[in-house]
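Student: I am new to this structure and would like a close look at one part of it. Please take one pairing of strands and then show where that pairing sits in the rest of the chain.

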Amino acid sequence: MKTTLFKLLLCAIPTLLLTGSLPVTAGELTAKIVIPELDVAEYHRPYVAVWIETPERELIQHIAVWYDTEMENKEGETWLKDLRQWWRKGGRSLQMPVEAVSGPTKPVGEHEISIPLDSPLLSKLKPGPYFFVVEASREVGGREMQRVPFEWSLTPKIDEEVQGETELGKITLKSNS
């Protein structure tokens, strides 16, 4: 009986590895997002949405939504639609706040999102190409979206960055596994 089970496992492991069905268990996916200081007369912190999508632009997972969580009567949620791409991708169907995803707006500076590689937020990822997308929209300001390409695998080795132009600064995406 033990020999049969052992042979069965030996046959199954290559298949599991090829299909990506084994969970990733060690390390983190870390994103650093810079909100630049802007020289403008009236500055408001930007609303920011972060998600992962396929090359075909199919939403895989919401990662973060930073918005004004302290406005009375949840009025801050009414402005989420200004994050146009995220809103169309599925933001409008979310019931805010979303635990482990939504949070308050961030000030000027570098902000880090760290996700354990075995987190449920990453469980939908199969080996292959993806984009880490960051969209920012600011009242009395502009809107910007940046897409960071990355390759997902069972032991991801990610080290990518893009440079924003106005509402976003440098965005880096790294994994340590």
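Tutor: Strand 2, residues 47-53, and strand 6, residues 128-137, run antiparallel and are joined by seven bridges. In this predicted model, one position to look at is Glu53, which has Phe131 of strand 6 opposite.

The pair belongs to an open sheet of five strands, ordered 4-3-2-6-7. Reading that order, strand 2 has strand 3 on one side and strand 6 on the other, and strand 6 in turn lies between strand 2 and strand 7. Although strands 2 and 6 are antiparallel, the pairing in the sheet as a whole is mixed. The edges are held by strand 4 (102-104) and strand 7 (143-152). Each of these two has a single partner strand, so one side of each is left without a neighbour in the sheet. On average, neighbouring strands here are turned by 15° against each other, with direction ignored.

Now the chain around this sheet. It contains two helices and nine strands, and along the sequence they follow the pattern α-β-β-β-α-β-β-β-β-β-β. One helix therefore comes before the strands begin, and the other falls between the third and fourth strands.

Contacts across the chain can be described by separation in sequence. Among those between residues at least 6 apart, 65% join residues at least 24 apart. As for burial, 40% of the 177 residues count as buried. The accessible surface of the chain is about 10400 Å², and carbon and sulfur atoms account for 53% of that surface.

Methods:
Residues are numbered from 1 along each chain as its sequence is written. This is a predicted model: local features need pLDDT of at least 70, side-chain atom pairs count only at pLDDT 80 or more; totals for chains, interfaces and linings use all residues. Side-chain values use heavy atoms; hydrogens and water are left out. Two strands pair if DSSP finds at least two bridges between them. Helices (H or I, at least four residues) and strands (E, at least two) are DSSP runs, numbered from the N terminus. Axes are lines fitted to C-alpha atoms, for helices over the stretch in contact, and angles run from 0 to 180 degrees between N-to-C directions. Buried means under 20% relative accessible area, exposed over 50%, partly exposed in between (1.4 Å probe, protein chains only). Contact means heavy atoms within 4.5 Å. Accessible areas come from the Shrake-Rupley method with a 1.4 Å probe; for residues, only the protein chains shown count as cover.
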